[in-house]
Amino acid sequence: MCTLDNIIQIIGKEVARLILGLIGVLVVVVVNALVLTWVERKVSGHMQRRIGPKEVGPYGLIQPFADGLKLLAKELLTPANVDKPLYYLAPVIVFIPVLVSFIVIPFDGFLQVKDINVGILVILAFSSLSVLSILIAGWGSNNKYSLIGATRSVAQNIAYEIPLLLTLLPVVFMANSLSLRDIVEAQREGWFVWRWQFFAFLIYFIAATAETNRTPFDLPEAESELVAGFHTEFSGMRFALFFLAEYTNIFIASAIATTFFLGGYLGPVLPGVVWFFIKTYFLVFVIMWFRWTFPRVRFDQLLNFSWKILIPVAFANLIVTGGILKL
Amino acid sequence: MEISTKIKESFPSLEPKECPYEQNGYHLSIEATKSNIVDIARFFIKEDFYLADLCCVDYIDYLELVYFFSKHDKLLRIKVTLKIDPEKPSAPTISHIYNIAHWFEREIHEFFGVLFDGHPFMVYLFLHDQIDFYPLRKKQVPVPDEDKRLLNSFKPEEQEDGFFLNLGPQHPSTHGVLRVVVKMNGEYILEAIPVLGYLHRMHEKMAENRTYQQFYPNAARMDYLGALNFNLGYVTTVEKLCGIEVPERAQYIRTITCELNRISSHLLWLGAFLADLGGLTPFLYTFDDREQILDILEAVTGSRLTYSYFRFGGLFNDVDDNFVDGVKKFINRLRSRFSMYDRLVTGNVIFINRVKDIGVMDRSYPIRYGCSGPVIRSIGIPFDMRKHEPYAAYDRIDFKIATGTNADNMDRYLVRIQEMENSLDIIEKALKELPTGPIKADKIPKKLKPPKGDIYHTIESPRGELGIYIVSDESDVPYRMRWRVPSYSNLMTFPELAKGTLIADAIATLGSYDLVIPEIDR
């Protein structure tokens, strides 16, 4: 009896932690998306000689809530000839990998839902799933623009996942661990970006921009060619979920860059969680900066860039790092 | 004339008639027959003439097809007419010789019912299939049953070896209501077919139902971006037809305002072109600049977009010192902005990779399609109506013509940028020389009744050669008014240029033409 109680107690604690963590993650995801939509509007506004939203609340801060409410209140329109199960499923599937990735990200020394010893593998595995949801959305919409967007997305994600992995591996070598917290702790003597991994950081950041389908690599939703790409037929809350996932993906990509190259939550004076968010949001800002200044690359250029430049350089970097560490 | 003897040598049966250019706008007129029109077209393409226009006039007793052949390197325009029987109208096609005739003939077929023998694709271009009469015939003629079969609007069929994708009429890249049906294989375009008529308002028919004065505002509605240029084109044509002399000051102000209009059109194109390539920010910068021009022009003309500022014999009202100061200020402002655009856009690696060596035309395009404006100048042919056939005050102002060499999208971009700078020079010079005096000719009758005859007159709109053909029967209403619009010929090069390219490149090419769809659809 006693052992049973203990087991329940132990499981209960773990479950309670997970449940609390998941709620926390959900809150972070939603708040992050709200903040990022506001930031994107302000950033784009100021880059385009406008001021962006300013009417709803001070500095337009309530604007994302107004947008969110509008999207919630909208009718969920289902076009006539869609493949219904796939069409309904796609916005849900796009959201799951995003949530899982959050579990292993260390926001601070203690602020982490669960430190898994293969943390980065979990993130990479689940972020690969997002391409599946895009493909489902594109196919299920029964729309040629959507389908072209989806096929582009698959080719693009395959091409850019390889350099992504290849640039994270040298850091794993140096930290000797796949756990994200260990990787951050290994940077106490200095950030990896300054310790021989500058090129890895650069390549990672480019590949991450492509992974998150942002300009100049936003081919799956290229507006001037494919109207809105894979989410052309989605409206209301279904569209909002894609939107939410996109912003969360940007955040995760930046958070991984922060964790792997910029010392994660490490920093003087301020608490770790503040440092983490400062670094992450700075990278998010840079990604937005790209979007509002660069034109879009062409599809073949995009693939050539990955296969002919990024992957060889990343490989060379991996081999050199491995060689030096072995010596 | 040299060409006249050449024609007589090749076609002993023809009698080329010399015409007063000042009065008619063409040098020679030839009456062809159905049996030799194809050979005549072959002769002209060998002599490097391009088909400027092909239209039809209904004289009730007979229909007359009017072909205008012009040259790029010197001012020489030849009118070839072909009389056809109105009962069973038909004529041989020349679409296999001049590609642009393909579309001109389709247009004539739906408006007049003329069947072109041997035309490969005789279906409606503008009208929908419910229209059961020929709109431009003077007497109402019902569409015969065997014709109706041909008149169905274009409907693509799914095929095994590719799929069809609709670019437009509601699509972010088509700037309005152009529809291009592209047959694709993956990302590659196998075939592109422009489908027109979503903004067709039949301005040519409207012209036959209102007096010359009443037609003023229609011109601006065709090309809403180059409205002043279209306004000027219409006004100068009628002035030439009636022999009205325009005061010097008015000519200079016309030049200045038209160049401002050209810059505002090019600025909008610049933003839209970069938006096509995925860069959204420049759009707002160029709109900011364009706004200054609109403010200046609004103070003078009273409107911001669809100007109707010019009148027969002069202007609607005079400009003041505020205008001159405003323009001078704007010139300085835009000059400083060009260096910024150059820094931010022209040198961008992604931009260069997207436009360099994409959409390359060869030198046969302007002959076969009659394309004009920045599109032809990017090939390296300095063909500009402002120099070629000067109007307003352009012959008194010294200016450069921007030309390219590669005829790719990059060159079309550079030519337009250069052209904006040249326009600034023109404005500056014209402002310096701006004479004083009246702005309107005296004794312009309230009811304008031009003498009997016809005239073909061209001006350089921001998009290229705008040709207006007016037939007058001495009444106060035009007997026939035909608009040869530049975007039309430019767009028709697209199917050939897009074949085999990636869809992203095709959209960049489409953007580089600077199309205005209401102008094409008329």
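**Exercise 1. Decide whether Asn213(A) is buried or exposed in this predicted model, and describe its setting.**

Step 1. Asn213(A) has a relative accessible area of 7%. The cut-off for buried is under 20%, so Asn213(A) is buried.

Step 2. In chain A, the loop between helix H8 (198-211) and H9 holds Asn213(A).

Step 3. The backbone at Asn213(A) has a positive phi of about 60°, although the residue is not a glycine.

Step 4. Leaving out residues up to four places away in sequence, Asn213(A) touches Ile134(A), Ser153(A), Gln156(A), Asn157(A), Asp218(A), Pro220(A), Glu221(A) and Phe230(A).

Step 5. Helix H9 (residues 223-226) of chain A has the lowest mean pLDDT among the elements of that chain, 72. Where pLDDT is low, predicted coordinates should not be read in detail.

**Exercise 2. Find which other residue has a positive phi without being a glycine, and place it in its chain.**

Step 1. The residue is Glu474(B), with a phi of about 75°.

Step 2. Glu474(B) lies in the loop that runs between strand S14 (464-472) and strand S15 (480-484) of chain B.

Step 3. On one side of this loop is S14(B), where confidence in chain B is highest, at a mean of 90.

**Exercise 3. Work out how Cys19(B) is placed and what surrounds it.**

Step 1. Cys19(B) belongs to the loop between strand S1 (17-18) and helix H2 (21-24) of chain B.

Step 2. With a relative accessible area of 15%, Cys19(B) is buried, the limit being under 20%.

Step 3. Residues up to four places away in sequence are set aside; Cys19(B) then touches Asn24(B), Tyr26(B), His27(B), Leu28(B) and Ser29(B).

Step 4. Ser29(B) is ten residues along the chain from Cys19(B), and their C-alpha atoms are separated by 6.8 Å.

**Exercise 4. Explain why helix H4 (residues 96-103) of chain A can be called largely enclosed.**

Step 1. Six of the eight residues of this helix are buried.

Step 2. The buried residues of H4(A) are Pro97(A), Val98(A), Leu99(A), Ser101(A), Phe102(A) and Ile103(A).

Step 3. Because six of eight are buried, the helix is largely enclosed by the rest of the structure.

**Exercise 5. Describe the secondary structure and overall dimensions of each chain.**

Step 1. Chain A contains twelve helices and zero strands. Its pattern along the sequence is therefore α-α-α-α-α-α-α-α-α-α-α-α.

Step 2. Chain B contains 20 helices and 15 strands.

Step 3. For the 327 residues of chain A, a compact globule would have a radius of gyration near 20 Å; the value for chain A is 21 Å, which agrees. The C-alpha atoms of chain A fill a box of roughly 60 × 60 × 40 Å along the principal axes.

Step 4. For the 522 residues of chain B, the compact-globule value is near 24 Å; chain B has 23 Å, which agrees. Along the principal axes, the C-alpha atoms of chain B fill a box of roughly 65 × 60 × 45 Å.

**Exercise 6. Set out burial, contacts, surface and charge for chain A, then for chain B.**

Step 1. In chain A, 51% of the 327 residues count as buried. In chain B, buried residues make up 65% of 522.

Step 2. Take contacts between residues at least 6 apart in sequence: in chain A, 76% of them join residues at least 24 apart. The corresponding share in chain B is 69%.

Step 3. Chain A exposes about 15,100 Å², with carbon and sulfur atoms supplying 74% of it. Chain B exposes about 18,900 Å², and carbon and sulfur atoms supply 50% of that area.

Step 4. The 24 positive and 21 negative side chains of chain A have centres 4 Å apart. In chain B, the mean positions of 63 positive and 74 negative charges are 3 Å apart.

**Exercise 7. State how confident the predictor is in each chain and in the complex.**

Step 1. Chain A averages a pLDDT of 83, and 96% of its residues score at least 70. Helix H11 (residues 272-293) has the highest mean among the elements of chain A, 88.

Step 2. Chain B averages 85, with 96% of its residues at 70 or above. Its lowest confidence is in helix H5 (residues 145-148), at a mean of 68.

Step 3. For the complex, the predictor gives an ipTM of 0.80 and a pTM of 0.86.

Technical notes:
Residues numbered from 1 in each chain as written. Chains lettered and ligands numbered in written order. Predicted model: local features only at pLDDT ≥ 70, side-chain atom pairs only at ≥ 80, totals over all residues. Heavy atoms only, no water. Helix = DSSP H or I, 4+ residues; strand = E, 2+ residues; numbered from the N terminus. Rg over C-alpha atoms; globule rule 2.2 N^0.38 Å. Buried < 20%, exposed > 50% of the residue type's maximum accessible area, 1.4 Å probe, protein only. Contact = heavy atoms within 4.5 Å. Areas by Shrake-Rupley, 256 points an atom, 1.4 Å probe, with all protein chains shown as cover. Lys, Arg positive; Asp, Glu negative; His and termini not counted. Charge placed at Lys NZ, Arg CZ, Asp CG, Glu CD. pLDDT = per-residue confidence, 0-100.
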